[in-house]
Each structure stands twice: as structure tokens, then as C-alpha cells.
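Student: I should like to understand how the terms used for this structure are justified. May we take them one at a time?

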Amino acid sequence: MTTIDLRSDTVTRPTPAMLAAMHAAEVGDDVYDEDPTVRRLETELAARFGMKAGLFCPSGTMTNQLAITAHCAPVSEVICEATAHVYLWEVGGIMHHARASVALLPGDRGRLTASQVASAVRPVGNVHYPTTRLVCLENTHNRGGGSCYQWTDLEEIAAFTKKQGLALHLDGARIFNALVATGQRSEDYGQLFDSISVCLSKGLGAPVGSVLLGSQEFITGCKRLRKLFGGGWRQAGYLAAAGLYALNNNVVRLADDHRRAAQLAEALRPLPYVAEILEPETNLLIFRLDESRLTVADFLGRLEEQGIRASGFGGSWVRFVTHLDVDDDMIARVVAAVAALAA
Ligand SMILES: *Cc1c(COP(=O)(O)O)cnc(C)c1O
């Protein structure tokens, strides 16, 4: 029985075709700026998002934290949503790396509005306050169950930050899911954001890597910080080749992951032990159990017995994630398994 791993879209393994592309990569020493494949990945992704430059890094945590650190001068404050990855799941890096304070706002499934952001900006010229410098948005929003921003909301926030002279960073770990789900254009994102972090190792299916995008000057600064973080790497072109392969082959198919997450939601909806579902907009499906009927521990344990893995997501919540290594037959198996738990 094949295991069906719904814990995360990070669990995918490279396909033979992706491995062949990696094997064939032309490489050099990236610390010396001599890896042509890394350069190609950075240039191609920057162009796609209407940005000038890119920086290939090992993880999305590193690209986010480099950007936040670069945007923040001493005694800064960062505005973000209360369950943002940059705040919740990056080891307190905003405090540690950027030594910045954080203003947390409650979002609608992780999404903020321009008026919320405006309400959190510190008054200028008052000795008591840190200086607000940066706003971080997340699209799609992980804790919000893969929710997507409307373009007009992004435009309003960007117009406000521009007017206020604040930097605007996008944690776009799953930005391609948002693009596929909404039909927004990647090129337009460069008009709104000062920096964007894109993960290749989530839905796109590459084994490793994220790319930070921004202006040439910003990226040059971040490259120095990356070295400081210990993230200067050498023949990284083998990994960049996987990223290029993913960009060319695994973007359009994200729609299949979204369709499958919706199918799982349909299957869960009538079940008596399911109390609440955050309607999936992309590939993340978060739902709450009625633990008087079935506890999260029992739910996960009994699925595991059938070779199906999922994540507890705090309290009575569970997360299912669809991805490249989950096909329609597997979805059918999960649908049958969750229905059987109601019997
Ligand atoms: C996964 C993820 C990241 C980066 O995670 P790494 O594991 O460090 O690559 C950043 N933001 C969001 C929203 C994520 O889901």
C-alpha cells in the first residue's frame, strides 16, 4: 500500500525528468557569481514577477528573514498578520535577525486590509515608539487555509505603503497557487511589492530552494546578508536546475491540486465528526473536528493505519495538503477512508 502523505506540499520527491534536468545542469561557484544555472533561475523568476533581480536561497525562511532584515534599520517595527509564517513559524527571526518589534493584526483567513494596516502604523516623531518600516503580506496564506488576496486589496495596501514610505514584502511561498487560482498576472506583482519570496520546494515540487526578488540594490545587500547567515553556496546550479524545471513544468498543473482539495472538502462536508471547514481556495484544506465524536489523535491515528498521513493544526484543527505526489486514485482512497471513520 503506497503511503498518501497529505501533511505538506514540501514532501514531494523529484521525478526522473526533474532529476535528469538536475544531472545535466551547467554549474559553477555561486559565491564567485559563476553558476550559470543559478543566474538563469534568478533572472527568469525576476522577469516573471516584474522585478530587477533575484537571489536563490536554501529556504523560504531564509528569503523572508533576509528581506525583513534588509528592510529594517535599528528600532524598527514590522506589521504583519497575527498568524503569518514570518511571525509564527520562523523561530522568532524578526526579533533575532532584524531586532525589530512586530505589530500583529487579525486577518480574514490571514488577509489584511489597507485600513487595518493604516491603523497599525506608529505616529512619527514620538520618542516612545519604534519606527514602522515594513509591512509583510502572505499569499496564499498558510494558516488561513490557502486563502488568496483579491488584486484590488493588494493595490490598496501597496498604494498606502508607498504613500507612507513603508516597504512592502510578500511571503509568496505559494504565490503560484494564488496566481493559478485567481488568474492574476505575476508581472503585476513587481509593481506593488518591494520584495517577494517565492518557494520552489512547495507546490512546484523542487527538492530545495526559494528565490528572493527585488531591486538590484536590494538583492545585492541581501546577498551579503545571505553570506552572513552562512547561506553562501557553491555549485547550487544542480538545485537551481530543479527549480527551472519546476517553473516550466509544474505551474499549470497546480489547478489539479486545487480541484483535489475541493474534492476532499466535499467528502468531509457531510461527515458528522467534521465541525467546520475553511473552504479551500487552493491546495490547503483546513478543517475542525467535533472532538466529542472523534478526536484529532484518533482521526490521525486511524488514517495512519491506512497509510494516510495528515497534520494536526492546533486545537481541533487538521490540515490536508494536495500536491504533485497525490493523484486521483489516492484522493479516492482518502475519500473512502474519511467516510469509513463516520461509520
Ligand atoms: C513553507 C513556508 C515558508 C518557508 O518555509 P521553508 O520551510 O523555510 O522553506 C514561508 N512562508 C510560508 C507561508 C510557508 O508556507
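**Cavity and ligand shell**

Tutor: The model is predicted. The lining of the largest cavity divides into 5 nonpolar, 2 polar and 2 charged residues.

Student: What makes C199 count as part of the lining of the largest cavity?

Tutor: A lining residue has an atom within 4 Å of a cavity point. C199 is listed in the lining, together with A173, R174, I175, F176, N177, K202, G203 and L204, so C199 meets that cut-off.

Student: Which helix gives the most to the lining of the largest cavity?

Tutor: Helix α8, residues 175-182, gives the most, with 3 residues. The space in the largest cavity is about 40 Å³, and the count of cavities of 30 Å³ or more comes to 1.

Student: Why is the pair formed by D171 and the ligand called a polar contact?

Tutor: A polar contact needs a pair of N or O atoms within 3.5 Å. A polar side-chain atom of D171 lies 2.6 Å from a nitrogen atom of the ligand, so the pair qualifies. By the same cut-off, an N or O atom in the side chain of R174 qualifies at 2.8 Å from an oxygen atom of the ligand. The protein covers 84% of the 380 Å² of accessible area that the ligand has on its own.

Student: How are the residues of the shell around the ligand divided by class?

Tutor: The shell has 1 nonpolar, 6 polar and 5 charged residues. Among the residues surrounding the ligand are H85, E90 and N142, and helix α3, residues 60-71, gives the most to this shell, with 3 residues.

Note on methods
Residues numbered from 1 in each chain as written. Predicted model: local features only at pLDDT ≥ 70, side-chain atom pairs only at ≥ 80, totals over all residues. Heavy atoms only, no water. 1 Å grid on protein atoms, 1.4 Å probe; cavity = no way out; pocket = protein on both sides within 12 Å on 5 of 7 lines; lining within 4 Å. Points joined across faces, edges and corners; volume = space filled by probe spheres on them. Helix = DSSP H or I, 4+ residues; strand = E, 2+ residues; numbered from the N terminus. Nonpolar A, V, L, I, M, F, W, Y, C, P; charged D, E, K, R; others polar. Near = heavy atom within 4 Å. Polar contact = N/O pair within 3.5 Å; in protein donor to acceptor, adjacent residues only side chain to side chain. Areas by Shrake-Rupley, 256 points an atom, 1.4 Å probe, with all protein chains shown as cover.
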